[in-house]
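Student: Could you take me through one part of this structure slowly, please? I would like a close look at the sheet and what packs around it.

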Amino acid sequence: MHRSLQYFIVNAVFPLYEKVVMSLRPIKKFPDPVLRQPTFEIGEVDADVRKLVGDLVETMYAKNGAGLAAIQVGSLTKLFIVEASITGGDANDHPIVFINPKVEWFSPETEVADEGCLSFPGIYVPIKRPLKARLRAIGLDGKEFVAEGEGLYARAMLHENDHLNNKLLIDYVGPVKRQMIRRRLEKMSEEEADELQAQGE
Ligand SMILES: [Zn+2]
């Protein structure tokens, strides 16, 4: 009677009457130029948006990611998801969907922690971020909500929100390290990227 975790989560995201065919999408790896293209607000949470969220959920779980922004799979929309265990939920909760998010507040206290990104497979860099952050966004149900997080939750929201503004992990490091990361990723084969992504964001 065991269903896969993914199946359960996705049924929690989507009403049972709606059939959403999800597809695994390839993740754009730096320096793919799409990661620097402007993103646009979503006008209406319609079937296309729900399909996109389904794809993001499937892709994020396949890659053990903590979060994923739509631009990372090539959709230039202001949308990202954050995995539930980070947001204070348990393993059976569905990811939180942030549509047209705005950072409303962040704490003056900061914290430095190593951060990874599915668009930078195998790369981890220490990044200083606010300890707490509050975002306002639209959910998959079309309703506005406010999410306030601390530590990893705040970090995940701010990291994904950065993607919507074309700010990437590599922008937080100095020029020497930036060059090293760029060279490493340019040389990386798809197979190696896949393997490293399977270890998670
Ligand atoms: Zn990322």
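Tutor: Happily! Let's start with one facing pair: L79 stands opposite I99 in β3. Four bridges join β2 to β3, and these two strands run antiparallel. Strands here are DSSP runs of E with at least two residues, helices are runs of H or I with at least four, and both are numbered from the N terminus. Two strands pair if DSSP finds at least two bridges between them.

A word on the model: it is predicted, so local features need pLDDT of at least 70 and side-chain atom pairs count only at pLDDT 80 or more, while totals for chains, interfaces and linings use all residues. Residues are numbered from 1 along each chain as its sequence is written.

Now step back to the open sheet of five strands, in the order β1-β2-β3-β6-β7 with antiparallel pairing. Its edge strands, β1 and β7 (144-150), each pair on one side only. From one strand to the next, the twist averages 40°. Helix α2 packs on the sheet and touches β1, β2 and β3, its direction making about 40° with that of β2. Such angles run from 0 to 180 degrees between N-to-C directions, with axes fitted to C-alpha atoms, for helices over the stretch in contact.

Finally, look at M157. Leaving aside neighbours within four places in sequence, M157 is in contact with V82, A133, L135, A147 and G149; contact means C-beta atoms, placed from the backbone, within 7 Å.

Note on methods. Contact = placed C-beta atoms within 7 Å.
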